[in-house]
Amino acid sequence: MEKIPILKMGEFLLVTIQVDMHDQLAMTLQDDLTQMISQTEARGVLIDISSLEIVDSFIGRMLANIAAMSRVLDAQTVVVGMQPAVAITLVELGLSLPGVRTALNVDAGMELLRSSVNGYKGIYDGRSH
Amino acid sequence: MTVVATENVAVIAEPDVVAVRRRVREAAIQLGFSLVDQTKVVTAASELARNTIIYGGGGSMLMERLNGPRTGLRLTFKDDGPGISDIDMALRDGFTTGSGLGLGLGGAKRLCSEFDIVSQPGAGTKVTITRWK
Amino acid sequence: MSTIPIDHRTSALSEILSRNQAELVADWVQEMSGAIRRSDLMKDTELRAQCVQFLGLMKQALDAGGTNFNSGAWDEVREMLGTISRTRAEQGFTPAETAMFVFSVKRPLFSQLRQACKNDAAALAAETWAATELLDSMGLYTTEIYQKSREAIIKRQQEELLELSTPVVKLWDGILALPIIGTLDSARTQVVMESLLQAIVQTNSRVAIIDITGVPTVDTVVAQHLLKTITAARLMGADCIISGVRPQIAQTIVHLGINLQDVTTKATLAAAFKIALERVGINLAHEAVKPEHLKS
């Protein structure tokens, strides 16, 4: 069965979604990630969706779920690289992904994770989206 | 309105959603849609295809390429499922009969230029969306 | 529709198109001289070349597929006419001038036909009728294509205008400014969102200052459009600050109960810029610097 690989980078987990995910694959990712966070005691998860051309309500829900479940396991989630067309479409769909922190790219995302894990909430906080 | 080409896609099981996305994307590209419009129509199709499978028990999508005087893509999702008793409710965001965020109908409607739904309890559901270029 | 069977003889027509081509072209160009010639838009040699090519293709089509202009045999002719119409539309010819390219070949062609069929009235009638039907179809076709081209041009110009009216400016590394001038309706919001998000990706900016000094009224609808834009930028990882909030606007926002959530709003672009700099981690130190002309 195909799976989306999860990489361990220090105390963080990195997931790069490059395929058009069907629902089953998304559910599997959700499960695998939750497992791995728990197993490795990861402090943060970085999800790179810069190759994802479609994010519909199911995928959106998956991202929100991952963020929520990670938080319960005391890990931060950052989603990076959302494409403009995807962002515009999500907004039109009415999804704002509350509880999901975002960054422009992997570098920015890692910076955000590192600073939020190290006590202070990063350069600016109060982003309650 | 001239229908230039039609395609019929089975929408029965969950992997078909990906197939629908791919076919709709190809058609949108061929019709010269902008990237944002492509994304909107593919996402709407994804929502409706999933509805057809999960709530409709499986069905089909008819894809029509329209060319004259305007260029556009028209998708019709049909199923012989239980149907929707209160369509207005269903179109309201957050409405759900199953688990999750709801039927996604309201969202799909906002992504399209035209939206039409015919559904009655016990008589299946037919959703037609059109995205003009 | 008449019930008299129409005789579609075209043999004389076909021969004229090849044998008398040179003469035909000369007369044809002559017909076009004057008001519709537009030598300011098209050189003589170019026009002649088009005429020659057209007559050649027309003969081919006649010989291959008779007189049904919509049949496959006439594909190349339609293609050529399409190209001619489109380029003329872009060059600034009027629809009449474009159609006259086809219609002005009638008189030269008919006089050639009269010569060729001078002893056969029935043949002359049949050939003339066939020629007329064909040329009319072709003239109308050029008008159709011309129309479509004009519509496409206008649409493109509208889009360009819309884009020009929403410039995105880079203020600093990682900081963009988007001054919105005029009303913000849903069509405009789409353009604004696209410009802003593209700019965010291209410049790797994580703060965008949306200045609404130039937006006359901010009601719930406009606020919704603004919020859409801000939400989209956030999804991508960029934060937005709204600047140019006049006191009246602040009053309206409170009065209407508009919830701007946790978006930072400032009265001036300068104030917003200061906050933006802090957010990207830049601290401007106040240091006394000697002006250039006083330095030894």
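How many of the 10 residues in helix H10 of chain C are buried? The count is 1. Helix H10 spans residues 247–256 of chain C and is hardly covered. Right behind H10(C) comes Gly257(C), with a positive phi near 70°. One caution before we go on: this is a predicted model.

Confidence next. Chain A has a mean pLDDT of 88. In chain A, 91% of the residues reach 70 or more. The weak stretch is residues 121–129 of chain A, where the pLDDT is below 50. That stretch still has 15 contacts in the model beyond near neighbours in sequence. Where pLDDT is low, predicted coordinates should not be read in detail. Keep that in mind for those contacts.

Now chain B on its own. Its secondary structure is 4 helices and 5 strands. Along the sequence, the pattern runs β-α-α-β-β-α-α-β-β. The C-alpha atoms of chain B fill a box of roughly 35 × 25 × 25 Å along the principal axes. What radius of gyration does chain B have, against that of a compact globule with 133 residues? Chain B has 14 Å, and the globule would be near 14 Å, so the two agree. Buried residues make up 41% of the 133 residues in chain B. Look at contact order too. Among contacts in chain B with a separation of 6 or more, 64% join residues 24 or more positions apart.

On to the interfaces. Start with B against A. Here 22 residues of chain B are in contact with 17 residues of chain A. Three helices of chain B each supply at least two residues to that side: H1 (16–30), H2 (35–54) and H4 (105–111). H2(B) gives the most, with 9 residues. By type, the chain B side divides into 8 nonpolar, 7 polar and 7 charged residues.

Then C against A. This time 19 residues of chain C are in contact with 19 residues of chain A. On the chain C side, helix H8 (186–203) and helix H9 (220–236) each supply at least two residues. The largest share comes from H9(C), with 6 residues. The chain C side divides into 7 nonpolar, 5 polar and 7 charged residues.

Let's go inside. The largest nonpolar core has 107 residues. Which of its residues touch the most other members? Val45(A) and Ala208(C) do. H2(B) gives the most to this core, with 8 residues. Recall that H2(B) also gives the most to the side of chain B that touches chain A.

Take Val45(A) in detail. I leave aside its neighbours within four places in sequence. Val45(A) is then in contact with Phe12(A), Leu13(A), Val15(A), Leu33(A), Ile37(A) and Ile66(A). Ser70(A), Ala75(A) and Thr77(A) are also in contact with Val45(A). Apart from the core of Val45(A) lies another core, of 34 residues. Its members include Met58(C), Val77(C), Val105(C) and Tyr141(C).

Chain C is divided into two parts: domain 1 (11–156) and domain 2 (169–279). How far apart are the C-alpha centres of these domains? They lie 56 Å apart.

One residue in chain C deserves a stop. Arg88(C) sits in helix H4, residues 75–91 of chain C. Is Arg88(C) buried or exposed? Buried, because 23 C-beta neighbours fall inside 10 Å, and the cut-off is 20 or more. Beyond four places in sequence, Arg88(C) is in contact with Phe93(C), Thr98(C) and Tyr146(C). Tyr146(C) is 58 residues away from Arg88(C) along the chain, yet their C-alpha atoms are separated by 7.8 Å.

Last item: backbone angles. Most residues other than glycine have a negative phi. Here are two with a positive value. Phi of Asp74(A) is near 60°. Asp74(A) is in the loop between helix H2 (57–72) and strand S4 (76–80) of chain A. Asp74(A) is exposed, with 12 other C-beta atoms within 10 Å. Phi of Asn204(C) is near 55°. Asn204(C) is in the loop between H8 and strand S3 (207–214) of chain C. With 14 other C-beta atoms within 10 Å, Asn204(C) is partly exposed.

That's the tour.

How values were computed: Residues numbered from 1 in each chain as written. Chains lettered and ligands numbered in written order. Predicted model: local features only at pLDDT ≥ 70, side-chain atom pairs only at ≥ 80, totals over all residues. Contact = placed C-beta atoms within 7 Å. Nonpolar A, V, L, I, M, F, W, Y, C, P; charged D, E, K, R; others polar. pLDDT = per-residue confidence, 0-100. Core = buried A, V, L, I, M, F, W, Y, C linked by C-beta atoms within 7 Å. Rg over C-alpha atoms; globule rule 2.2 N^0.38 Å. Domains from an automatic or database assignment.
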